[in-house]
Amino acid sequence: MIMGQKGVPALIHVLIVEDEKPIADLIRLSLTKEGFCCTCAQDGAQAADLLERNTYDLILLDVMLPEVDGFELMEYIRPLEIPVIFLTAKGALADRVKGLRLGAEDYIVKPFEVVELLARVDVVLRRYQKRDAVLEVGGLRIDTGSMQVWRDGEEISLTKTEYELLLLFARNPRRAMYRETIYERVWGGDYPFGSKAVDLHVQRLRRKVGWENQLKAVNKVGYRLEVGL
């Protein structure tokens with residue numbers, strides 16, 4: 001697991017290289033909801049430009065791309081030692097073997113279920129020690145596999161929504177998050193105007209996990225988890 005300053009879990013940066021916008025948007029939304037920081041590229045040339053300027057922890061790479069296809073781009077990526085998962089409609093055995101021999105960590109054939117993608121992403125990141133099944137933040141121990149949370153050895157009972165809210169803050173420490181963003185990632189869909197859902201759940205979560213002084217309101221924005229300060 002990558003750790004930031006003073007033991008705080010660091011953000012995982014994912015580059016999604018996919019020319020079909022609906023698929024790219026679905027992947028981005030699903031990963032963002034899990035606390036990943038995502039950047040999208042629509043073709044191989046744009047992805048190469050992004051790779052020159054930025055550092056990524058994982059690349060989700062389509063094969064059939066305009067400009068530069070995924071197999072060609074893989075030749076550029078390989079020296080960077082960034083793990084790659086191919087996402088493609090090309091399911092022939094020869095294509096899968098080619099992708100793996102080029103250095104990809106995994107190969108997922110479209111169409112795929114989001115839950116399968118998330119599971120494979122977790123496996124690859126753990127293999128590279130970029131993500132762990134257990135987070136320790138703000139005095140809590142969070143097991144993302146069993147969805148259990150402990151403080152001082154005692155398990156804390158949370159609803160599914162409270163757990164997802166907790167995980168979002170735990171994976172984005174010190175980051176001011178808008179109520180609209182929080183709602184989109186936890187509840188899904190657009191934030192209803194005037195909704196108090198985020199505020200009410202944050203209040204309950206604070207009390208349950210003992211984050212009264214750590215999960216702070218940000219004026220006219222939303223909330224920020226202050227840990228390790």
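Author: Two strands are taken to pair if DSSP finds at least two bridges between them. The model discussed here is predicted.

Reader: In what order do the strands of the open sheet of three strands lie?

Author: The pairing in this open sheet is antiparallel. One of the pairs, S10 with S12, is joined by two bridges, and two bridges are enough for a pair because the criterion asks for at least two. The order of the strands is S10-S12-S11.

Reader: Which strands are the edge strands of that sheet?

Author: The sheet has the order S10-S12-S11. An edge strand here pairs on one side only. This applies to strand S10, residues 177–178, and to S11.

Reader: Which residue of S12 stands opposite Met 177?

Author: S10 and S12 run antiparallel and are joined by two bridges. Opposite Met 177, in S12, stands Tyr 223.

Reader: What angle does the direction of helix H8 make with that of S11?

Author: Helix H8 spans residues 197–209 and packs on the sheet, where the helix touches S11 and S12. Relative to the direction of S11, the direction of H8 makes an angle of about 155°.

Reader: How are helices H7 and H8 oriented to each other, and why?

Author: Two packed helices are described by the angle between their axes and the distance between the axes. For H7 (residues 179–186) and H8, the axes come within 10 Å and cross at roughly 80°. Angles of 65 to 115 degrees count as roughly perpendicular. The two helices, H7 and H8, are therefore roughly perpendicular to each other.

Reader: Which residues of H7 and H8 make the contact?

Author: The axes of these two helices come within 10 Å. On the H8 side the contact is made by Ala 197, Val 198 and Asp 199. On the H7 side the residues are Arg 179, Ile 182 and Tyr 183.

Reader: How many aromatic pairs does a search of the whole structure find, and what is the angle between the planes of Tyr 183 and Trp 187?

Author: The search finds four aromatic pairs. Among them is the pair of Tyr 183 and Trp 187, with 5.2 Å centre to centre. This pair is stacked, and the angle between its planes is 10°.

Reader: Are Tyr 183 and Trp 187 buried or exposed?

Author: Buried means under 20% relative accessible area. Tyr 183 has 13% relative accessibility and therefore counts as buried. Trp 187, at 28% relative accessibility, counts as partly exposed.

Reader: Which kind of aromatic pair do Tyr 183 and Tyr 191 form?

Author: Their rings lie 5.6 Å apart, centre to centre, with 75° between the planes. Because planes over 60 degrees apart count as edge-to-face, the pair is edge-to-face.

Reader: What are the bridge partners of Trp 150?

Author: Strand S7 (residues 140–143) and strand S8 (residues 148–151) run antiparallel and are joined by four bridges. S8 also pairs in the antiparallel sense with strand S9 (residues 154–156), over three bridges. Trp 150 in S8 stands opposite Arg 141, and in S9 its bridge partner is Glu 155.

Reader: Which residue of the hairpin of S8 and S9 takes a positive phi?

Author: This hairpin has two residues between the strands. The positive phi is near 50° and belongs to Asp 152.

Reader: Are Glu 81 and Lys 220 buried or exposed?

Author: Glu 81, in the loop between helix H3 (70–77) and strand S4 (84–88), has a positive phi near 55°. Lys 220, in the loop between strand S11 (215–218) and strand S12 (222–225), has a positive phi near 65°. With a relative accessible area of 66%, Glu 81 is exposed. At 76% relative accessibility, Lys 220 likewise counts as exposed.

Reader: What is the omega of the peptide bond from Lys 110 to Pro 111?

Author: Pro 111 lies in the loop between strand S5 (106–109) and helix H5 (114–127). The peptide bond that leads to Pro 111 from Lys 110 is cis, with omega near -10°.

Reader: Which backbone oxygen does the side chain of Ser 30 reach?

Author: Ser 30 is found in helix H1 (residues 21–33) and counts as buried, at 14% relative accessibility. Apart from residues up to four places away in sequence, Ser 30 touches Val 114 and Leu 118. At 2.8 Å, its side chain reaches the backbone oxygen of Leu 26.

Methods. Residues numbered from 1 in each chain as written. Predicted model: local features only at pLDDT ≥ 70, side-chain atom pairs only at ≥ 80, totals over all residues. Heavy atoms only, no water. Phe/Tyr/Trp six-rings, centres within 6.5 Å; stacked < 30°, edge-to-face > 60°. Buried < 20%, exposed > 50% of the residue type's maximum accessible area, 1.4 Å probe, protein only. Polar contact = N/O pair within 3.5 Å; in protein donor to acceptor, adjacent residues only side chain to side chain. Contact = heavy atoms within 4.5 Å. Axes fitted to C-alpha atoms, helices over the stretch in contact; angles between N-to-C directions. Parallel < 35°, antiparallel > 145°, perpendicular 65-115°, else oblique.
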